[in-house]
Amino acid sequence: MIFCKIGIYSVDISICRAAKSIYLCNDNNAIKHNMLVNFRTILSALTLTALLSCTELPAPELPESPQEDPSEKPGDNNGGSEEPGSEEPGSETPSGKTLVLFYSYTGNCKTLAAELAGYAEADVQEIEPAEEGLEYDANNYAIGSRLIAAIREKPNEASSYPAIKPVSRNAADYETIVIVTPLWWSNMAAIMQSYLFNEGSKMKGKKVGLIVSSASSGISSVVADAKRLVPDVQWMGEALWINNSNRSRSDELIKEWWNELNKKEETMTSEIKITVSGKSLPVKIEDNVATKALVAALREAPITYEAHDYGGFEKVGGIGRTLPSNDSQITTGPGDVVLYNSDQIVLFYGSNSWSYTRIGKIQYGTLEELKSFLQAGNGNISVSLSL
Ligand SMILES: Cc1cc2nc3c(=O)[nH]c(=O)nc-3n(C[C@H](O)[C@H](O)[C@H](O)COP(=O)(O)O)c2cc1C
């Protein structure tokens with residue numbers, strides 16, 4: 001049972017790292033050799049690899065009580081910003097508008113990041129753990145497992161995230177950021193989670209893409225981690241999933257994915273649709289951070305929310321998410337659609353002066369038609385926004 005399916009990828013994901021110096025890196029079978037390998041390490045790597053390949057690890061069980069590892073200092077999370085003697089963090093000047101961020105333990109994501117950087121003409125930033133030499137996959141992936149368990153247990157606490165080295169590039173300097181990360185126990189690898197926990201807010205309003213590499217497990221929880229750690233950004237299409245069955249074509253897949261994302265970008269829509277009680281009207285939209293994020297969200301799915309009358313001049317309701325905003329004091333008029341408090345959309349059938357971010361204007365006929373469409377003064381309505 002244990003040794004079923006030991007094949008190319010088993011060798012890839014486990015031997016090449018656990019033995020640390022042998023790189024039988026999957027499909028191209030490139031061999032970096034160093035024969036000073038501990039036999040016991042290889043044996044345990046093979047066994048663990050076999051477990052991975054046999055079970056596909058869709059929802060791995062983490063140890064109930066992760067063992068303490070004295071070499072780890074959970075509270076010692078420097079967030080990539082205070083390593084003495086290192087280059088000033090985030091000080092390197094950007095050479096382009098795209099940054100590829102990657103973490104890689106066994107080298108797969110490093111390869112993917114390099115492939116993407118070539119097409120995207122991007123700068124590359126590696127994220128590295130502060131503590132060197134840890135074998136995340138040794139002893140049935142004990143360290144990796146414990147790190148993920150700690151984050152799962154308390155995702156909002158800085159002390160749950162392993163410390164990382166300072167980075168020389170600042171995500172805030174770039175328009176577009178692509179995160180390239182391994183999957184660990186169905187989640188995003190802990191080291192990349194640390195970086196995003198500390199620096200994710202610098203990406204607010206930016207275009208962000210995601211590439212996930214796993215042996216075989218599906219990536220939905222990694223996508224959820226990314227959305228939790230990097231809020232208020234414009235996610236660029238679907239995440240790209242590279243695994244051991246398509247890894248040999250990663251170069252081609254990355255190129256297609258990148259081209260597709262950029263094609264969509266070029267055709268940034270100037271209009272969305274608003275539907276109330278089965279009737280739809282177009283909304284001409286502004287070009288700003290809020291509408292970019294809104295359109296990106298609508299590319300994934302329509303947004304439906306409940307709106308109520310307020311003040312005799314508007315229908316307002318929370319849309320169940322936040323959008324990036326650039327509020328300013330404005331006076332609205334009938335048909336105006338604005339973002340209020342980053343998480344509510346207001347549809348005006350009258351006028352008000354307040355601090356809002358403009359979304360656009362409903363293209364309506366007469367004021368009476370607009371009021372009837374929005375059921376002005378008649379209580380709650382279900383509003384659907386779509387492309
Ligand atoms: C701690 C740890 C946990 C892992 N858990 C899984 C898993 O649950 N499912 C899976 O398919 N692969 C798992 N893997 C394999 C990696 O996701 C995969 O080999 C990935 O390509 C590694 O990327 P890298 O070479 O850039 O580190 C795990 C690897 C490690 C080190």
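In helix α5, the residues Ala190, Ile191, Met192, Gln193, Ser194, Tyr195, Leu196, Phe197, Asn198 and Glu199 are buried. Please keep in mind that this is a predicted model. Below, we start with this helix, then visit the nonpolar cores and end at the ligand.

**Helix α5**
- Helix α5 covers residues 190-199, and 10 of its 10 residues are buried, so the helix is largely enclosed by the rest of the structure.
- The packing partners of its buried residues are the strands β3 (98-102), β5 and β6 (187-188), together with the helices α4 and α6 (220-229).

**Nonpolar cores**
- In soluble globular proteins, nonpolar side chains tend to be buried together.
- Here, the largest nonpolar core holds 59 residues, and Val100, Leu116 and Val180 have the most contacts inside it.
- Setting aside neighbours within four places in sequence, Leu116 is in contact with Val100, Ala122, Val178, Val180, Ile211, Ile254 and Trp258.
- There is also a second, separate core of 28 residues, with Ile274, Ala290, Val383 and Leu385 among them.

**Around the ligand**
- The ligand has 24 residues around it, of which Ser104, Thr106, Asn108, Cys109 and Gly144 come nearest.
- Two or more residues of this shell are given by each of α3 (108-120), α4 (138-153) and β5 (176-184).
- Strand β5 provides the largest share of the shell, three residues.
- By residue type, the shell divides into 13 nonpolar, 10 polar and one charged.

**Where the topics meet**
- Strand β5 is worth finding on your screen: buried residues of α5 pack against β5, and β5 also gives three residues to the shell around the ligand.
- Helix α4 likewise packs against buried residues of α5 and gives two or more residues to the ligand shell.

Notes: Residues are numbered from 1 along each chain as its sequence is written. This is a predicted model: local features need pLDDT of at least 70, side-chain atom pairs count only at pLDDT 80 or more; totals for chains, interfaces and linings use all residues. A residue is near a molecule or strand if its C-beta atom, placed from the backbone, lies within 6 Å of it. Helices (H or I, at least four residues) and strands (E, at least two) are DSSP runs, numbered from the N terminus. Ala, Val, Leu, Ile, Met, Phe, Trp, Tyr, Cys and Pro count as nonpolar, Asp, Glu, Lys and Arg as charged, and the others, Gly among them, as polar. A nonpolar core is a set of buried Ala, Val, Leu, Ile, Met, Phe, Trp, Tyr and Cys residues joined through C-beta atoms within 7 Å. A residue is buried if 20 or more other C-beta atoms lie within 10 Å of its own, exposed if 12 or fewer, and partly exposed in between; C-beta atoms are placed from the backbone. Two residues are in contact if their C-beta atoms, placed from the backbone, lie within 7 Å.
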